[in-house]
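This report introduces the structure shown below to a reader who has not met it before. It moves from a single pair of residues to the chains, their confidence and their contacts.

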Amino acid sequence: MSTTVEPTPVTTDEPEPASRLFGAIAIFESAEKLLSAATALKQSGLTKLEAHTPYPVHGIDEALRIAPTRLPWVVLAGALIGAGGAFAMQHWMNGIDYPFLISGKPLMSIPSSIPVTFEVAILLAAFAAFFGVLLFNGLPRLAHPLFRTQVFRRVTSDQFALVAESDDPRFDELRFGVITTEHGATSVESIEQDVSSVAMPTLLKAAGVSLVALALIPPVLIAQARATTSEKPRIHPIQDMDFQAKFKAQTTSPFFDDGRAMRLQISGTVARGDMPIDPAISTGYTSDAPPGPESSQWLDSIPISPTIELMARGRERFNIFCAACHGRGGDGDGIVTVRALELQQGTWVKPISLHDRSVRDQPDGRLFNTITNGVRKMPGYASQIKPEDRWAIVLYLRALQSSRNAQPADVPADVLETLRETN
Amino acid sequence: MPSERFHFPAWTNRLTRLLPIIGGAAGLYAVTILALGASPETTDVGYAPQQPVPFSHKLHAGQLKLDCRYCHTTVEEAAHAAIPPTQTCNNCHNPADANGSVATVSVHPNSEKLLPVFESQASGAPIKWERVHDLPDYACFNHSAHVTRGVSCVSCHGRVDQMEVVQQVEPLSMAWCLDCHREPAPHLRPLDRIAQLDWVPEEASEVIGARVQEELGLNPSTNCSTCHR
Amino acid sequence: MSAVPIPTRTPSESLRPPLVDGEQTLSSITETVCSIVERPQTPRAWYIAFAISSSLTLMLFGLIGYLIATGIGVWGNNSPVFWGWPIVNFVFWVGIGHAGTLISAILFLFRQQWRTSINRFAEAMTIFAVTCAGIFPAIHVGRVWLVYWLAPYPNQMAMWPNFRSPLLWDVFAVSTYATVSLLFWYLGMIPDLATLRDRATSRVRQFAYGLFALGWTGSARQWHVLEKAYLLLAALATPLVLSVHTIVSFDFAVSHVPGWHTTIFPPYFVAGAVFSGFAMVVTLLVPARHLFGLKDLITPRHLDVMCRIILATSCMVGYAYATEFFTAWYSGNRFEQFAFLNRMQGPYAWAYWTMVTCNVLIPQLYWFKRFRTSPWLMVGVAICVNIGM
């Protein structure tokens, strides 16, 4: 505490442990006295001289030789960055990254981008101005030695102060006191700077360290969530219309007893796209019920046009549905069969080779019926393969059989010629 | 000096000088955590619900090389890729009766793991499979539109043939859909390779994809109403 | 207390009524203003007023909760009136906010010294008005929790906002306006907070004011930078305030709705905003100067000047009303004509005539000196304007 009105000579080499000299403050009752004192002190060669006033005093900049601030350039830079950034952003987002035509408006248009460009320019300029003030003024600086002097408290209300800092090489507290008193200072005193509380409190440091440690938890959780699988439902904080009150395919519904949202087909009805075709095409025989093995009521040939596309389709379907057990070549050595036999499953039967004469001699309609309803221990595939595809499989099967059992007479003469030449 | 008066200690100046750095770091941290934490890669990918039957795609689609379409039969014609009915399981898995005989060929006719399948077969009540890949209800996705246009199962579902338990591997987000809709070529393949999950393209996938795109005349739309209708 | 003359009186001003009444010094003005916040005990009237207003605010929150839970249909929003009630409220509040910026920025640039008595007051009103305004665009989207979709941020939908829509311009305009108003208000307030900090007697106040004053010392260099920044912010806020209501008017004018699709909207909206804002300032200021004993600082001259501005803008708004009808008639567009005739004679005729009476006819009373000098008559007219807008 140093509230002496008289200027006190200061011994600079032995400061108190808790504080050291910051400078000296002189209080004035009017701006005019402040100005004349400031001018005089500046002429005396003091460089670290500052005036503190309750309102901006006209002429103080000249007296203290304060250079015009560069703030306007910072603000201009903010405005230019804002305008350029906003303009580029709009054109990139709406014109380049996701070009999207709305109501026939042009994708990139200068007039429609003016408002946002302007607003962002103003916004960044205003930020530049505000943060420029803080930067150029060294704010926030909550602990200033001035705040610890009693006399300073009136300076933000109605008094005026001149402050000279002690680290100025020309600083001389006695001389400062003399000059300011000459120009009408009502009080002059020295300012002590508190150096006892410079070190950050351990508690604060500990809090900072623990905050950083806590901050590591979310990244770890995220990394864990990304690296592992989870049985728990997906995290959807905002569900909104993700799950709508409607029933989709193969979902449940509380409305029906069996809990199915999809209804089973009612007998005697026809589903869309399932218009009855010729019964012979959908069954492979002309009688009302499957005839005996040797019956003449089996269709002898495929009742739909055997095109090369149908052949390709048949091959594809054969490989999807039949090859698993029958093998791609039809030898009865499909991977599933091999595996089942490896496991010594007594309930598995190795399928007969499709090249066997008993199969080759069957009429097309009977093969079709076998695919549809199964035979012996083979299940039927009616629910998995559509009738057209079953006929396609029959067609492909015939080709497969021919590949091992064809006679020269089965091949057209010109093709036979080519084959003979190549082999 | 009256001791009651509050003064900010001198270290607050050091703290306020650090504020821009602290604020910047905190902002960067928050943005990063939010971006990473809220991304579908974190919230959605890796979802692998427990199924009522421990069905292994790794065994059936991988080892036994069953084609995807053997079970998911509707995928080429319908919007919905059907979960197979119990009947499809019965093609290979029939329960043995008291005498140990089966109606049709059967593997593991006495398996305990297959009990829910056998029960379902007996009662006619469907097995309640857990849905793994689920788009929001406002997104209209059609399997047939993609599968018949050169988009393989693997593009969205990953290597299911290597999964013991099926899990979601792609984010299934709108941006992810758009990636392909905007530039489909690298994701397309010949139609006869659609369900071949382990297919390795002979040439650069862009070249093959571009050829498929050309042949099929593909020009995927990015309009809102393509998926939201 | 030292007797320092007030530096705000210049020779040219001496012919007009003074800006402050009574024998004032720097310290007496500081004393008058600061004593309001430094009262040792909060008056009971304040608690009553606070209880009333916070109850109403709670009711607002409750109703917003109801709205969000139920959907924006509770406003009667439906096709083709997609946001009738919310946009009316939004425009009303934004308009009111404009007076604050106008007083603090435009009058600052024009070196109107009478603004200094009321600018902080008006700026605070701006911020509260813009806050009120901001509620409506936010809650009108229905699903408030997705309101951040309005911002252009990279997202998992790979979507960007549509920058060709005036509604998005509005988002940018209003958020910029709110931010700049806040910065302007706070920047100007830093030295005042420092004054309060140094006068404060309790440790809590010393801490709080000290924190918000950011360590302001009133040094010449600080003042130098602050003044420059304030001037620049005023220069930025002036076109901003004009642009904001222009863009708000685009929400209507760019649409193809008969009665809205007109080019007169931007100036008409800006004039209307200044008009309603000044009316609100008068409405609030007259009771405030009475209650807080600020009659010496906010003098009849201030009120008189504001009444003149209200009168002038009222005439502009009246002119705009007339021009709309002229445009509709002159365009020969039957739909346009119907929209205006329906406004005058249709189911909302009562609202239309209330508006014309309150906004155009009643403010004409300000031609009479008596209405510009008697505070309570003045407030009566201003309240009519508030209703009319």
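## A salt bridge within chain A

In this predicted model, Asp331(A) and Arg404(A) form a salt bridge in which the closest N and O atoms are 2.6 Å apart. The two partners belong to distant parts of the chain, 73 residues apart. Asp331(A) sits in the loop between α9 and α10 of chain A, while Arg404(A) belongs to helix α13 (residues 387-405) of chain A. Over all chains, a search of the whole structure finds 28 salt bridges.

## Confidence of the prediction

For the complex, the predictor reports an ipTM of 0.86 and a pTM of 0.83. Chain A has a mean pLDDT of 86, with 96% of its residues at 70 or more. Chain C averages 84, and 93% of its residues score at least 70. Within chain C, helix α2 (residues 44-70) has the highest confidence, at 93, and helix α1 (residues 26-38) the lowest, at a mean of 77.

Both of these chains also contain a stretch of low confidence at the start of the numbering. In chain C, residues 1-14 have a pLDDT below 50, and this stretch has 23 contacts in the model beyond near neighbours in sequence. In chain A, pLDDT stays under 50 over residues 1-8, for which the model has 15 contacts beyond four places in sequence. Where pLDDT is low, the predicted coordinates should not be read in detail.

## Domains of chains A and B

The domain assignment divides chain A into domain 1 (19-195) and domain 2 (285-422). The C-alpha centres of these two domains of chain A lie 92 Å apart.

For chain B, the assignment gives domain 1 (18-47), domain 2 (48-83 + 133-227) and domain 3 (85-128). Domain 2 of chain B is thus written as two segments. Between the centres of domain 1 of chain B and domain 3 of chain B, taken over C-alpha atoms, the separation is 50 Å.

## Backbone features of chain A

Most residues other than glycine have a negative phi, and most peptide bonds are trans. Chain A offers an exception of each kind. The peptide bond from Leu139(A) to Pro140(A) is cis, with omega near -10°. Pro140(A) is placed in the loop between α4 (110-137) and β3 (160-165) of chain A.

Asp240(A), although not a glycine, has a positive phi of about 40°. This residue is found in the loop between α7 and α8 (279-283) of chain A.

## The contact between chains A and B

The size of an interface is often given as the accessible area lost when the parts come together. Chain A and chain B bury about 6300 Å² between them, and 56% of this area is on carbon and sulfur atoms. The contact involves 69 residues from chain A and 75 residues from chain B. Four salt bridges are counted between the two chains. Glu77(B) and Lys386(A) join their side chains in a salt bridge, at 3.2 Å from N to O. There are also 32 residue pairs in polar contact between chain A and chain B, counting pairs with both residues at pLDDT 80 or more.

On the side of chain A that touches chain B, helices α6 (202-215), α7 (217-227), α9 (308-326) and α10 (335-342) of chain A each supply at least two residues. The largest share, six residues, comes from α9(A). By class, this side of chain A has 35 nonpolar, 14 polar and 20 charged residues.

## The contact between chains C and B

Chain C brings 13 residues into contact with eleven residues of chain B. The area buried between these chains is about 970 Å², of which carbon and sulfur atoms give 60%. Gln156(C), Arg203(C) and Gln206(C) supply 49% of the area that chain C buries against chain B, more than any other three residues.

Zero salt bridges are counted between chain C and chain B, whereas five residue pairs are in polar contact, both residues being at pLDDT 80 or more. Helices α5 (166-199) and α6 (203-213) of chain C each supply at least two residues of the side that touches chain B. The largest share of that side, five residues, comes from α6(C). Its make-up by class is six nonpolar, four polar and three charged residues.

Definitions and conventions. Residues numbered from 1 in each chain as written. Chains lettered and ligands numbered in written order. Heavy atoms only, no water. Contact = heavy atoms within 4.5 Å. Buried area = accessible area lost by both parts, 1.4 Å probe. Polar contact = N/O pair within 3.5 Å; in protein donor to acceptor, adjacent residues only side chain to side chain. Helix = DSSP H or I, 4+ residues; strand = E, 2+ residues; numbered from the N terminus. Nonpolar A, V, L, I, M, F, W, Y, C, P; charged D, E, K, R; others polar. pLDDT = per-residue confidence, 0-100. Domains from an automatic or database assignment.
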